[in-house]
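Trainee: I would like to learn how to read strands, cores and helices in a model. Can you take me through one?

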Amino acid sequence: NCLGGYIATLHLLQLGHMNIAHIKGLDFHPDSKARFKGYKKALAESNIKPNPKLVMQGDFSAETGYKKTIELIESKTHFSAIFSANDQTAYGAIKALTDRGLRVPEDVSVIGFDDLPVSQYFTPALTTLRQPIEEIGTLCAKSMLNLLSGERFEARLPPIDLIVRQSTKSIYR
């Protein structure tokens, strides 16, 4: 999750975005904390101090993604991209941007996290981070079974993949 947050933010930075908003997941959720940590790490490595006005507390829902994006727009704080804590939050963010007359990705790039099946069919198709959930579940099950039988099981987590679709765009073009 930390690496995924880092990769998502780095992708936006490589596209030229400097003012990147982040709509977090639940504050107490470990995934949310790790993704936020990755976001801050990527910004720090680019010598960008996170703007607290661009960090919104969310809850992994489309409804809150919508509401928090409206708050971002109404705050008049400049941002050119949003890193959403998950795909559902990104769906809400895109709807809010569209409802306020902003185009994705022409005016604001949006990236999600999880690569839910509908993300490739969303308009615009969502750039996101894919976690191989089934593979991770299989590794966890094998690990638990080995622990229960007194054996050790060492496995590396499978890689997380950046899936670039149509919701992010370089600001250099």
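Mentor: We will go through strands, cores, single buried residues and helices in turn. Keep in mind that this is a predicted model.

Trainee: Start with a strand. Which way do the side chains of E1 point?

Mentor: In a regular strand the side chains alternate between the two faces of the sheet. Now the case here. E1 covers residues 20–23. Ile 20 and His 22 point one way, and Ala 21 and Ile 23 point the other way.

Trainee: Are these E1 residues buried or exposed?

Mentor: Ile 20, Ala 21, His 22 and Ile 23 are all buried.

Trainee: How many bridges join E1 to E3, and how do these strands run?

Mentor: Four bridges join them, and the two strands run parallel. E3 spans residues 81–84. To find the register, look for a partner: Ile 20 is bridged to Ala 81 in E3.

Trainee: And what about E2?

Mentor: E2, residues 55–56, is also parallel to E1, with two bridges between them. Ile 23 faces Met 56 there. Then follow the chain: from E1 it passes through H2, residues 30–45, and on to E2. This β-α-β crossover is right-handed.

Trainee: Next, cores. Which residues have the most contacts inside the largest nonpolar core?

Mentor: They are Leu 72, Phe 79, Ile 82, Leu 97 and Val 110, in a core of 17 residues. Ask next where the members come from. E1, H3 (62–74) and H4 (87–99) each give two or more residues. H4 gives the largest share, with five residues.

Trainee: Is there one core or a second, separate one, and what is in it?

Mentor: There is a second, separate core of 16 residues. Among its members are Leu 12, Tyr 39, Ala 81 and Phe 83.

Trainee: Back to Leu 72. What does Leu 72 touch beyond four places in sequence?

Mentor: Its contacts are Ala 21, Ile 23, Lys 53, Leu 54, Met 56, Thr 77, Phe 79 and Ile 82. Two of the names, Ala 21 and Ile 23, you met in E1.

Trainee: Now a small residue. Why does Gly 65 count as buried?

Mentor: Compare its accessibility with the cut-off. Buried means under 20% relative accessible area. Gly 65 has 1%, so Gly 65 counts as buried. Gly 65 sits in H3. Leaving out neighbours within four places, Gly 65 contacts Ile 23, Thr 89, Gly 92 and Ala 93.

Trainee: What is around Ser 32?

Mentor: Ser 32 belongs to H2. At 2% relative accessibility, Ser 32 is counted as buried too. Beyond four places in sequence, Ser 32 touches Lys 24, Gly 25, Leu 26 and Phe 60.

Trainee: Last, helices. What span should H1 have?

Mentor: Use 1.5 Å a residue. H1 runs over residues 2–14, and its 13 residues should span 18 Å. The end C-alpha atoms are 18 Å apart, so the span agrees. For H2, with 16 residues, the reach is 23 Å, close to the 22 Å expected.

Trainee: What covers the buried residues of H1?

Mentor: The cover includes E1, H2, E3, E4 (109–111), E5 (128–130) and E6 (161–163). Tyr 6, His 11 and Leu 12 are among the buried residues of H1. In H2, the buried residues include Ser 32, Phe 36 and Tyr 39. The buried residues of H2 pack against H1, E1, E2 and E3.

Trainee: What happens just after H1 and H2?

Mentor: Check phi. Just after H1, Gly 16 has a positive phi of about 100°. Just after H2, Asn 47 has a positive phi of about 60°.

How values were computed: Residues numbered from 1 in each chain as written. Predicted model: local features only at pLDDT ≥ 70, side-chain atom pairs only at ≥ 80, totals over all residues. Heavy atoms only, no water. Buried < 20%, exposed > 50% of the residue type's maximum accessible area, 1.4 Å probe, protein only. Pairing = 2+ DSSP bridges. Right-handed = clockwise from strand over helix to strand, strands pointing away. Core = buried A, V, L, I, M, F, W, Y, C linked by side-chain atoms within 4.5 Å. Contact = heavy atoms within 4.5 Å. Expected span 1.5 Å × (residues − 1).
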